[in-house]
Amino acid sequence: MNQTHSSADTGFSYGRPFFEQLVDHALAHAKKLGATDAGAEASEGCGLSVGVRKGELETVERNRDKSLGITVYVGHRRGNASTSDFSGAAIEQTVQAAYDIARFTAADPVAGLPDAQDIAPPASHRDLDLFFPWALTSEEAARIALECEAAAFAADQRIKNADGTTLNTHQGCRVYGNSHGFIGGYASTRHSLKCVMIAEADGL
């Protein structure tokens, strides 16, 4: 996810610089509380799912979510907490909750962040080319799904029934950082069209 991602050109409500600020705030507060180490991730996602069956529209679902999760280490004790409230007070409360959990959990000798020397420097981060947004309306999604189902029915006369055709599209972005100085993020998309048909042969 590059620095230019914003609601104007990607459909996201937040950009990477804002997520980096949230992560920095969470990590700084964890250190202030006395955490040995910490890692935090801010993310946002949105999607559309449309389902049809036997030429009729069955479902239209839209989703949008956001969260900030924090993992706090106190020695080899670990605590996790998350929130969907991006206000400064909510982030500090979430970090406090993770810290309190870590203080009272059993120690795990292998719990912790990767060694600092194993973390790639920012200059080596590659663009993974995972972001291909699809600006699709629910009406367009329904049309594509209905065309897919119609093509399936037309493929073979033994196809007599349909168990549903669903088009899904989703996009998300995330930024992760930790107390060893790492911070990085990316945006990604996933799209799918699934058609399940039922055929009959010899009366079965």
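Mentor: Buried means under 20% relative accessible area, exposed means over 50%, and partly exposed lies in between. The model discussed here is a predicted one.

Trainee: Does Lys54 count as buried, partly exposed or exposed, and in which part of the chain is Lys54 found?

Mentor: Lys54 sits in the loop between strand E1 (37–53) and strand E2 (56–74). The relative accessibility of Lys54 is 48%. Because the middle class runs between 20% and 50%, Lys54 counts as partly exposed.

Trainee: What is the phi of Lys54?

Mentor: Most residues other than glycine have a negative phi. Lys54 is not a glycine, yet has a positive phi. The value for Lys54 is about 50 degrees.

Trainee: Where does Asp129 lie, and what is the phi of Asp129?

Mentor: Asp129 lies in the loop between H3 and helix H4 (138–155). Asp129 is a residue other than glycine with a positive phi. That phi is near 55 degrees.

Trainee: Is Gln157 buried or exposed?

Mentor: Gln157 is located in the loop between H4 and E4. The relative accessibility of Gln157 is 70%. Because exposed means over 50%, Gln157 counts as exposed.

Trainee: What distance separates the C-alpha atoms of Gln157 and Ala201?

Mentor: Along the chain, Gln157 and Ala201 are 44 residues apart. In space, their C-alpha atoms are separated by 9.7 Å.

Trainee: How many helices and strands does the protein chain have, and which pattern does the chain follow?

Mentor: The secondary structure comes to four helices and five strands. Read along the sequence, these elements follow the pattern α-α-β-β-β-α-α-β-β.

Trainee: Why is the protein chain described as more spread out than a compact globule?

Mentor: For 204 residues, the globule rule gives 17 Å. The radius of gyration of the protein chain is well over that figure, so the chain is more spread out than a compact globule. Along its principal axes, the C-alpha trace spans about 70 × 40 × 35 Å. The radius of gyration itself is 23 Å.

Trainee: What percentage of the residues of the protein chain count as buried?

Mentor: The protein chain exposes about 11500 Å², and carbon and sulfur atoms supply 50% of that area. Of the 204 residues, the share that counts as buried is 37%.

Trainee: Among contacts between residues at least 6 apart in sequence, what percentage join residues at least 24 apart?

Mentor: One pair that is far apart in sequence is Gly177 and Leu27, at 150 residues. Gly177 is in contact with Leu27. For the protein chain, the percentage asked for is 68%.

Trainee: Is Gly177 buried or exposed, and what is the C-alpha distance from Gly177 to Leu27?

Mentor: Gly177 lies in strand E4 (residues 159–178). With a relative accessible area of 0%, Gly177 is buried. Beyond its neighbours within four places in sequence, Gly177 is in contact with residues including Val23, Ala38, Phe182 and Ile183. From Gly177 to Leu27, C-alpha to C-alpha, the distance is 8.0 Å.

Trainee: Which residues are in contact with Leu22, leaving aside neighbours within four places in sequence?

Mentor: Leu22 belongs to helix H2 (residues 16–33). At 5% relative accessibility, Leu22 counts as buried. The C-alpha atoms of Leu22 and Ala40 are 8.7 Å apart. The contacts of Leu22 are Ala42, Leu68, Phe86 and Ile91.

Trainee: Which backbone oxygen does the side chain of Thr94 reach?

Mentor: Thr94 is placed in helix H3 (residues 88–104). Thr94 is buried, at a relative accessible area of 7%. Not counting residues up to four places away in sequence, Thr94 touches Ile70, Ala81, Ser82 and Thr83. The side chain of Thr94 reaches, at 2.8 Å, the backbone oxygen of Ala90.

Trainee: Which residues does Ala102 touch, not counting residues up to four places away in sequence?

Mentor: Ala102 is also placed in helix H3. At 0% relative accessibility, Ala102 counts as buried. Ala102 and Arg64 are 30 Å apart, C-alpha to C-alpha. The residues that Ala102 touches are Val72, Val74, Arg77, Arg78 and Gly79.

Trainee: How far apart are the mean positions of the positive and negative charges?

Mentor: The protein chain has 18 positive and 26 negative charges. Their mean positions are separated by 3 Å.

Definitions and conventions
Residues numbered from 1 in each chain as written. Predicted model: local features only at pLDDT ≥ 70, side-chain atom pairs only at ≥ 80, totals over all residues. Heavy atoms only, no water. Helix = DSSP H or I, 4+ residues; strand = E, 2+ residues; numbered from the N terminus. Buried < 20%, exposed > 50% of the residue type's maximum accessible area, 1.4 Å probe, protein only. Polar contact = N/O pair within 3.5 Å; in protein donor to acceptor, adjacent residues only side chain to side chain. Contact = heavy atoms within 4.5 Å. Rg over C-alpha atoms; globule rule 2.2 N^0.38 Å. Areas by Shrake-Rupley, 256 points an atom, 1.4 Å probe, with all protein chains shown as cover. Lys, Arg positive; Asp, Glu negative; His and termini not counted. Charge placed at Lys NZ, Arg CZ, Asp CG, Glu CD.
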